[in-house]
Every structure is written in structure tokens, then in C-alpha cells.
Amino acid sequence: MRLIAALILSLVALPVSAAELRVLCTGASRAIVEAMAKQFESASGHKVVLTSDTAGGATRRVLAGEQYDVIMIVPNAIDDLATRGKVVAGTRGDVASVGIGVGVRNADPKPDISTVPAFIAALRAAPRIAYVDPASGGTSGIYFRNWLERQGLGPEMAPKTRVQAGGYVAELVERNEADLVVHQISEILPVKGVTLVGPLPAEIQLITTYSAGLSVDAREPTVARAFLAHMMGSTADAIVRDAGMTRP
């Protein structure tokens, strides 16, 4: 913590104009990165410009040559980008982990999802089900679609499926374009018109960790390293917890 505080304080004291830090993150980590960025901006005077995408979409952006200072995706993607010379080796930090949850409109009754049979019954009872489009590279969407297929539920669910290519898919429920959403918990909680029913049953849950690293193309490497330290520091623990996430 002393090192993290020293890094941030040193930036505050720098006699130069404020830097603009470009940060790329996943949709599931967007809420915490936004909150961490506000903390960092307040402490350092620097500005954070945030771009979010699915895990697959974020990886494609980096490989296509888009410039960022800090990149936050899943651990294997950060490691792969380091191997490809896109992320500085040894800078990866595992920031937060989150599971998949189920959400419904605030005014609707909460279905029972406490067991796998109950969850399947809830899916069958819902007129329309939303999740992130697997084709966009969304982690939870890929997992959920594959799980439906393994259960033999794919053909039954297909006619009432509503997918969205990234972003807060729970907004489809909020807008009455779907009745139930299956998405990362941290992407359900920010949508005010939707209530989190709870996480998937433990035996079918998928916990995803999100990791950040320093881009080799960073234009503000010193500021970027300080922001990485801030993301890992205890001052950001409450942000992680309030987003329904945990520290790895």
C-alpha cells in the first residue's frame, strides 16, 4: 500500500500537464474500472478515457493495432497478448473475479434458481431470455449457449432467445425486450430497472477473473503503471465488492 500511495502521490506532485490515459476493459469489469478511474483522477489529476468491449472484442481491438495504455481482459488473453508483444511481460495483475447471475425486471417475481432443475424450469417459464451474443466474444454468452446445448435445451430456447453484442444485456429486460437475463453479475447490478435474482447454482457456475496489464504501446507508461497499482490496491476493494465481484 505504501508503494501504491507513493506512486499516486508522486503523480499528483508532477509539475507537468495532466496526462490522458487510454484504458481498454471488458464489459464485466467496466463498472469497477470506471469507479477506479474516478478515484485515480481525483488523486492524481490525470484523465482516464475508457473503452469497453467483450473479451473477444477487446482482444481483437488490440491485435488490430488500436492504442491503449492499460488493457484489462481475462488472464489467458493478457498472457497471449504478452506473448504476441502487445502487453509488457510481467505486468499482469489479477484484479477481480465474478460469476454469472440471473436478472428480472424489478416489478416481476423472482424465479427459483437455487438448483439446476429449478433454473431450467425458470428458463422454460420465461417468455424471452437475453444473454450476450456468443459471436461477439462475450464470455458468459459462449458458456451459457454451450451449456444449453449440452443440456439439450438449445432448440427449445432458440425461438425466445434475445442476444446483444456486448454492453449491459440486462437493459433488454429493462426495456421489456426480454424477461430474464443471464449475464455476469457485475453487468446486471448497474442496470437500475433490473433485480439480480442471484448467481447460477454452484455446480454450473462459471467464475471469470479479469486481469490488467501495461500495453507496449502505452504513451503514458508511468501513469499507466500507477493506475495498475491503484487497481490492485486496497483503496479499490470496496469498489470490487459493491460490483458483486471478489478479489482473486
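**Exercise 1. Which residues does Val74 touch, not counting residues up to four places away in sequence?**

Solution. This is a predicted model, in which local features need pLDDT of at least 70, side-chain atom pairs count only at pLDDT 80 or more, and totals for chains, interfaces and linings use all residues. Residues are numbered from 1 along each chain as its sequence is written, and side-chain values use heavy atoms, with hydrogens and water left out.

Step 1. Contact means heavy atoms within 4.5 Å. With residues up to four places away left aside, Val74 touches Ala55, Thr139, Thr208, Thr209 and Tyr210.

Step 2. Val74 is found in the loop between β3 and α4. Helices (H or I, at least four residues) and strands (E, at least two) are DSSP runs, numbered from the N terminus.

Step 3. The relative accessibility of Val74 is 12%, so Val74 counts as buried. Buried means under 20% relative accessible area, exposed over 50%, and partly exposed in between (1.4 Å probe, protein chains only).

Step 4. Val74 and Gly27 are 47 residues apart along the chain, and their C-alpha atoms are separated by 11 Å.

**Exercise 2. Describe the sheet that contains β10, and the helices that pack on it.**

Solution. Step 1. The open sheet has five strands in the order β2-β1-β3-β10-β4, and the pairing is mixed. Two strands pair if DSSP finds at least two bridges between them.

Step 2. At the edges are β2 (47-53) and β4 (93-98), each pairing on one side only. From one strand to the next the twist averages 20°.

Step 3. Strand β10 (residues 208-214) is joined to β4 by five bridges, and the two run antiparallel. Thr208 in β10 stands opposite Val98.

Step 4. Helix α2 (residues 30-44) packs on this sheet and touches β1 (20-26), β2, β3 (70-73) and β4; the direction of α2 makes about 175° with that of β2. Helix α4 (residues 75-83) also packs on the sheet, touching β3, β4 and β10, and its direction makes about 135° with that of β3. Axes are lines fitted to C-alpha atoms, for helices over the stretch in contact, and angles run from 0 to 180 degrees between N-to-C directions.

**Exercise 3. Is Ser52 of β2 buried or partly exposed?**

Solution. Step 1. Ser52 lies in strand β2. Its relative accessible area is 30%, so Ser52 is partly exposed.

Step 2. Not counting residues up to four places away in sequence, Ser52 touches Cys25, Thr26 and Arg30.

Step 3. Arg30 lies over the face of Tyr168, at 4.4 Å from the ring centre. For this, NZ of Lys or CZ of Arg must be within 6 Å of the ring centre and within 35 degrees of the ring normal.

**Exercise 4. Work out how the sheet that contains β8 is arranged.**

Solution. Step 1. Five strands form an open sheet in the order β7-β6-β8-β5-β9, with mixed pairing.

Step 2. The edges are β7 (161-164) and β9 (194-199); each has a single partner strand, so one side of each is left without a neighbour in the sheet.

Step 3. Strand β5 (residues 100-105) and strand β8 (residues 180-184) run antiparallel and are joined by four bridges. Val181 in β8 is the bridge partner of Gly103.

Step 4. α5 packs on the sheet, touching β5, β6 and β8, and its direction makes about 130° with that of β8. α6 lies across β5, β6 and β8, running at about 125° to β6.

**Exercise 5. Which residues do ring pairs link into a cluster?**

Solution. Step 1. Rings of Phe, Tyr and Trp (its six-membered ring) pair if their centres lie within 6.5 Å; planes under 30 degrees apart count as stacked, over 60 as edge-to-face and the rest as tilted. The count comes to five aromatic pairs.

Step 2. The ring centres of Phe119 and Trp147 are 5.5 Å apart and the planes are at 40°, so this pair is tilted. Phe119 lies in helix α5 (residues 116-125) and Trp147 in helix α6 (residues 139-150), so the pair ties together parts that are 28 residues apart in sequence. Both Phe119 and Trp147 are buried.

Step 3. For Tyr131 and Phe144 the centres are 5.0 Å apart and the planes at 80°, so this pair is edge-to-face. Tyr131 lies in strand β6 (residues 129-132) and Phe144 in helix α6, so the pair ties together parts that are 13 residues apart in sequence.

Step 4. Ring pairs link Phe119, Tyr131, Phe144 and Trp147 into a cluster.
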